[in-house]
Every structure is written in structure tokens, then in C-alpha cells.
Amino acid sequence: MRKRFLSTLALAGVAAFALTACSSDGGETDSSEMAAGDTAGDTVTVGFAQTGSESGWRSANTESMKAAFSEENGFELVFNAADNDTAAQIAAVRSFINQGVDAIVIAPIVEDGWDDVLQEAADAGIPVILEDRTVSASDDLYAAWVGLDFEAEGVKAGEWAAAEYGDTETKMVVLEGTTGSAPANDRATGFDSAIEGTMIEKIDSQTGDFTRDGGKTVMEGFLQKYGVDGIDLVYAHNDDMALGAIEAIEAAGAVPGEDIKIISIDAVHDGMQALVDGQINYIVECNPLLGDLAAGLVTDVLAGNDVEKTVYVEDQAFDQAAAEAALPDRAY
Ligand code: AHR
């Protein structure tokens, strides 16, 4: 594949962002060593800008990406996790451009602010594949996107809430994902549209940043403000925040899943276990296993093959009985 070497600027970028590459023994090596010595042969060098490590979903997604972009599969993966810091994630992408990687994969933390760096990648002739989250920039600036339909996930969650609780007065609080992220925006839109005209009333909504601690802290605040009896339903944009909310509800002396119902999204192992245990009432899946599809898109794009611009992966949804049946065979 195309071979380029690090400029002085790129080396400075590498040091600053501590990018790492996955080696064949499963360890990680400094990417400056990789760029100086490992570009021989047909190895495809891919820079992957991950959001961070905020949730169980994210860990499963990172594992899936690392497994797919492995040396055995012909890739050298330059991995960066931005700790949910958009400026750091954009800087990591700039560093990939300066290194002259063959392709860049991004899981964009937020939707806005990508135009300039995507244009820089296009100017450098480096194709960009988006995975998981979407951007508001023109789709001319990236080759393809693979992920989930976040709005449909919100609709599924909202339809279940409407069917279960829509006929009685229900006070709902929302634990939002990261502000400005595609899943937080779209899951809110989808859910709100599905409960329109029902007796479910959204009394508050705040971001817990997709983390367990964030969900717990925000839920503690809601419980202080409204009291255990003032909240009937929690809609959490992911399982980790729901799990944090469970801790807060228990600490307030109430029973999660009974006194206060909980609906969430992801269906990671811990969330599914809480659903089986009756602490969560319903979960809509968000499949994190996107690595093989992303790697396939990179391969096709670099080979000049036509690819679908948007590739949706299908999600399921689980009530308690479905979770019980599915949990033993869950891959994440
Ligand atoms: O973008 C997908 C979302 O990001 C997942 O639902 C959440 O758990 C993660 O942090």
C-alpha cells in the first residue's frame, strides 16, 4: 500500500497523543517505531480514533475493532482513545494524516466540528470510514459509515414505554448520553416521538455522559429534587448510566425496576443481567461488534470497489424473558 514516513510535525503529534499500535503478540507498541520500520509489504496501516472507554459497549466495540484490524488480517492498527475529548480526537486524526496512514476510521464523539479535518484527510488522499456515530459534515467528506440506527433504537424504547406505561400518569426522567453525540440526539428524538400523546411526562433530562458514575450522580440529583415518589420511570441512553441509576435508587431506599421502572439501550452483559434480575425493565440493543464490517469497508475502499455509503446493523430488543433466553449466548 501507499508508504509514507513521519514528518517532524507528525512525530511531535505522535508523542503528544501517545498513539499506540497493536502488535501481533497482542501488546501495544509506540506508533513512531511502527511508522519508521513497519510499513513494508502489503500491510494496510489504519488509524482508528476511538471515543474513549466510557462504557461496557465501548470496551466491546474496541475489542471488536482490534480483532478485525489485526496483523493476521493484514492490518497495522494505530489506535487512539480520546477519553471523550473532542479536541483530542480531532488532533489524533490530524496526527494520522501526518503519519500518512492508508485509511482512517473514526467513532466521532460528537456530530459537529468535523468538516475541516475531514477535508484535510480528503486533501491528503486518505479515505475515512466512520463507525458507530455519525457526523453533521457533508457525506462527500467520508467514504462510508457503519453503525446502528440510533433514532430507531429510541423509537423502540419509547414504543415499549408507551405500551406499558402510557395510559397512566408517569413521571419520567432521562439520563442523556454525551451532549452533542449522535446517539444522545437521536435516541432522544426517537423516544420523544414514540411517547407523544401518551400520559408519560418528561419532568427532567440531563447528561450522564454515557458513564456509570455519570448516571449515578445525575440520578442522585433527580432523587434529591423529586423524591423517590416523584419519579416513576428512568429512560437511560445506555446501560452503564442505567446501572449507575440502579445504585442511586437503591441508596435512596427504593427498588429499581419496581418502585422506579428503567428502560435503557445497549444490551451489554451487565445490563442484560440487571434485566434478568428485574432491576431494569426493558433494553433495546445497540450492537458494538462492528469491527469486521469496518475492516471490510476499509479493504473495499482501498481496492477501489464501490461500497454502500451507509451500512446499518440491525438491533433487537429484550424484555425479561427474552433477556433470560439470550444471556447465556451473548458475545458481549
Ligand atoms: O455510540 C454508541 C454509544 O456509545 C453506546 O450506546 C454507549 O454505551 C457508548 O458509550
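How much accessible surface does the chain have, and what share of that belongs to carbon and sulfur atoms? The surface comes to about 13,300 Å², and 46% of that belongs to carbon and sulfur atoms. Before I go on, please keep in mind that this is a predicted model.

Okay, the overall picture. The chain has 332 residues, and 53% of them count as buried. It holds 12 helices and 14 strands. Now take the contacts between residues at least 6 apart in sequence: 76% of those join residues at least 24 apart.

Let's zoom in on one helix, α6, which runs over residues 150-165. How far apart should the ends of its 16 residues be? At 1.5 Å a residue, they should span 22 Å, and the end C-alpha atoms are indeed 22 Å apart, so the two agree. Just before the helix proper we have Asp 149, which caps the N-terminal end: one of its side-chain oxygens sits 3.3 Å from the backbone nitrogen of Glu 151.

Here's a handy bit of background. An α-helix has 3.6 residues a turn, so residues three or four places apart point the same way. With that in mind, have a look at the buried residues in α6: among them are Phe 150, Glu 153, Gly 154, Ala 157, Gly 158 and Ala 161.

Next up is Gln 89, over in helix α4, residues 86-99. Buried or exposed, what would you guess for Gln 89? It's buried: its relative accessible area is 0%, and the cut-off for buried is under 20%. So what does its side chain have for polar company? A polar atom there lies 3.1 Å from the backbone oxygen of Ala 49, and the backbone oxygen of Ala 107 lies 2.8 Å from a polar atom of that side chain. Leaving out residues up to four places away in sequence, Gln 89 also touches others, including Thr 51, Ala 82, Pro 108 and Trp 114.

Last stop, the ligand. Which residues are around it? The list includes Trp 57, Arg 58, Asp 132, Arg 133, Pro 183, Arg 187 and Phe 210. Phe 150 is there as well, and you've just met Phe 150 as a buried residue of α6.

Three side chains have polar atoms I'd like to point out. For Glu 54, an N or O atom is 2.5 Å from an oxygen of the ligand. For Asp 266, that distance is 2.6 Å. And Asn 238 has a polar side-chain atom 2.9 Å from a ligand oxygen. Taken alone, the ligand exposes 280 Å², and the protein buries 100% of that.

Conventions: Residues are numbered from 1 along each chain as its sequence is written. This is a predicted model: local features need pLDDT of at least 70, side-chain atom pairs count only at pLDDT 80 or more; totals for chains, interfaces and linings use all residues. Side-chain values use heavy atoms; hydrogens and water are left out. Helices (H or I, at least four residues) and strands (E, at least two) are DSSP runs, numbered from the N terminus. The expected span of a helix is 1.5 Å times one less than its number of residues. Buried means under 20% relative accessible area, exposed over 50%, partly exposed in between (1.4 Å probe, protein chains only). A polar contact is a pair of N or O atoms within 3.5 Å; within protein, one must be able to donate a hydrogen and the other to accept it, and residues adjacent in sequence count only if both atoms are side-chain atoms. Contact means heavy atoms within 4.5 Å. A residue is near a molecule or strand if one of its heavy atoms lies within 4 Å of it. Accessible areas come from the Shrake-Rupley method with a 1.4 Å probe; for residues, only the protein chains shown count as cover.
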